[in-house]
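Here's a quick walk through one model, going from the overall build down to a couple of odd backbone spots. Have the viewer open while you read.

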Amino acid sequence: MPDSAAAPVILGTTGPFPHGVLAERHPAIIRRVRDAFPYGPAQHRALDTLLHDCTEGTIGPLPGADRWRGWGLDRHLGQSWFDVPWLWSESYFYRRLLDAVGYFAPGPWQGIDPFRPFKLAELDGKETDEELAALDALGDDPDRALLHGSLWGNRADLGFRLSAESGEAVSALVADDSAGLWPLLRGGTLCLVADNAGRELVPDLLLIAHLLDSGRVADAVLHLKPYPSYVSDATTADLLDALRRLTAAPGAAARYGRTLWSALSDGRLAVRAHPFSCAPLPYAEAPGDLRAEWAAADLTLFKGDLNYRRLVGDRLWPPTTPFAEVTDWFPGPVAALRTLKSDVVTGLSPDTVAALDAAEGQRWRTAGTHALIQVNPSPSASA
Ligand SMILES: O=P(O)(O)OC[C@@]1(O)O[C@H](CO)[C@@H](O)[C@@H]1O
């Protein structure tokens with residue numbers, strides 16, 4: 001394993017990006033959620049409290065969320081949100097937001113996703129129509145087209161866009177191990193750990209449908225979140241919305257939709273919503289049943305920035321730290337498809353880092369304009 005002492009865990013105070021997420025992005029998300037529903041006085045008061053706590057307050061208890069006590073809550077009680085691991089603080093924010101709007105409490109707002117209006121607006125948008133229409137003319141390399149569709153779908157991150165609209169042109173990949181990915185897909189099991197709903201989940205589903213149809217995989221397991229978080233993270237309700245969108249679309253999109261529908265019905269596509277998927281912790285701390293699921297797959301594919309942070313550890317790794325080293329703990333072949341939206345990155349060549357730094361300073365790490373495909377076909381822990 002690499003020397004993690006040389007790579008400090010990222011805190012809210014580590015630099016301008018994590019600090020800005022806690023100090024600016026979270027208050028902006030509270031404002032947007034507050035405006036999206038006719039919440040009652042109790043919910044408005046709870047949102048006021050959250051707004052104060054998340055910027056000036058300390059970490060408090062989460063009544064009824066016993067798992068969180070084992071996930072670090074007992075240790076962090078009373079600390080500033082900025083002084084604990086950033087990953088922990090962000091995940092805690094989304095759990096607190098759900099509490100504030102009554103998502104978990106018995107009553108009329110139980111189970112109402114506060115991010116659903118944003119997710120649906122995106123799913124129903126004309127960009128989605130255009131992306132689905134493009135399936136009718138995929139060209140002579142559908143493997144590559146659908147892999148890249150899934151990769152760049154990760155730009156469609158509502159948390160990211162709600163606070164920082166970015167209209168920049170997309171640049172090339174900073175790392176591309178895709179040649180090593182296809183040999184791992186030899187008719188076995190793919191485990192896809194999804195990230196965002198809407199315009200990311202749709203191309204993820206198209207990739208799965210294509211891999212099933214082409215026989216590159218015999219079956220697939222799709223990991224979703226058990227409850228809404230990080231604004232657009234995909235839940236089972238979002239999967240159903242995406243499937244309805246596909247099956248109602250004209251042309252090839254509907255065909256992919258039918259493949260997915262029947263694969264769900266006959267068990268070739270299984271869905272999971274494991275509690276640890278919303279944990280505020282790196283995946284190296286995952287419980288045995290989740291590890292066993294990954295170990296059984298021929299390839300586990302992690303989508304998106306947050307999953308990348310949790311896969312490699314949310315640390316300021318030197319960017320040339322080999323991806324194979326930071327994923328050596330993983331119990332099976334593993335890959336990451338991610339656009340870069342936070343400071344964490346590994347597996348880059350010294351030349352790539354030097355060129356990016358010279359051209360952009362540190363912006364390339366967080367602007368969402370660069371992407372990577374990284375593969376570790378044989379971590380030691382998979383032996
Ligand atoms: O996982 P995703 O959707 O690709 O990105 C999640 C994200 O928006 O949330 C974090 C900041 O809040 C960053 O890791 C990243 O920018």
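What follows covers the fold as a whole, the two domains, the nonpolar cores, the ligand shell and two unusual residues.

## Overall build

First things first: this is a predicted model. The protein has 15 helices and seven strands. Along the principal axes, its C-alpha trace spans about 55 × 50 × 40 Å. How does the radius of gyration fit with a compact globule? For 383 residues, a compact globule would come out near 21 Å, and the protein has 20 Å, so the two agree.

As for packing, 46% of the 383 residues count as buried. The chain also makes plenty of links across the sequence: take the contacts between residues at least 6 apart, and 82% of them join residues at least 24 apart.

## Two domains and where they touch

The domain assignment splits the protein into domain 1, residues 10–114, and domain 2, residues 125–382. Their centres, taken over C-alpha atoms, are 26 Å apart. The contact between them draws 23 residues from domain 1 and 22 residues from domain 2.

Looking at the domain 1 side, three helices each supply at least two residues to the face that touches domain 2: α1 (16–36), α3 (66–76) and α4 (86–100). Helix α4 gives the most, with seven residues. By class, this side of domain 1 has 14 nonpolar, four polar and five charged residues.

## Nonpolar cores

In soluble globular proteins, nonpolar side chains tend to be buried together. Here, the largest nonpolar core has 66 residues, and the ones with the most contacts inside it are Leu190, Leu192, Leu205 and Ile208. Helix α9 (residues 201–213) is the biggest giver to this core, with nine residues. Pick Leu205 to see how the packing reaches along the chain: leaving aside neighbours within four places in sequence, Leu205 is in contact with Ala242, Leu246 and Leu260.

There's also a second, separate core, made of 29 residues. Ile30, Tyr39, Leu87 and Phe93 are among them.

## Around the ligand

Which residues come closest to the ligand? Of the 15 residues that surround it, the closest are Gly304, Asp305, Leu306, Lys341 and Ser342. Two elements give two or more residues to this shell, namely α8 (158–163) and α13 (304–312). The largest share, four residues, comes from α13.

The make-up of the ligand shell is mixed: four nonpolar, five polar and six charged residues.

## Two odd spots in one loop

Most residues other than glycine have a negative phi. Now zoom in on the loop between β3 (217–223) and α10 (236–247), where you'll find Tyr230. Tyr230 isn't a glycine, yet it has a positive phi of about 45 degrees. Val231 is in the loop between β3 and α10 too, and its phi is also positive, at about 60 degrees, although Val231 is not a glycine either.

Are these two buried or exposed? The cut-off for buried is 20 or more other C-beta atoms within 10 Å. Tyr230 counts as buried because it has 22 C-beta neighbours inside 10 Å. Val231 has 24 other C-beta atoms within 10 Å, so Val231 is buried as well.

Conventions: Residues are numbered from 1 along each chain as its sequence is written. This is a predicted model: local features need pLDDT of at least 70, side-chain atom pairs count only at pLDDT 80 or more; totals for chains, interfaces and linings use all residues. A residue is near a molecule or strand if its C-beta atom, placed from the backbone, lies within 6 Å of it. Ala, Val, Leu, Ile, Met, Phe, Trp, Tyr, Cys and Pro count as nonpolar, Asp, Glu, Lys and Arg as charged, and the others, Gly among them, as polar. Domain bounds come from an automatic or database domain assignment. Two residues are in contact if their C-beta atoms, placed from the backbone, lie within 7 Å. A nonpolar core is a set of buried Ala, Val, Leu, Ile, Met, Phe, Trp, Tyr and Cys residues joined through C-beta atoms within 7 Å. A residue is buried if 20 or more other C-beta atoms lie within 10 Å of its own, exposed if 12 or fewer, and partly exposed in between; C-beta atoms are placed from the backbone. The radius of gyration is taken over C-alpha atoms; the globule rule is 2.2 Å times the number of residues to the power 0.38.
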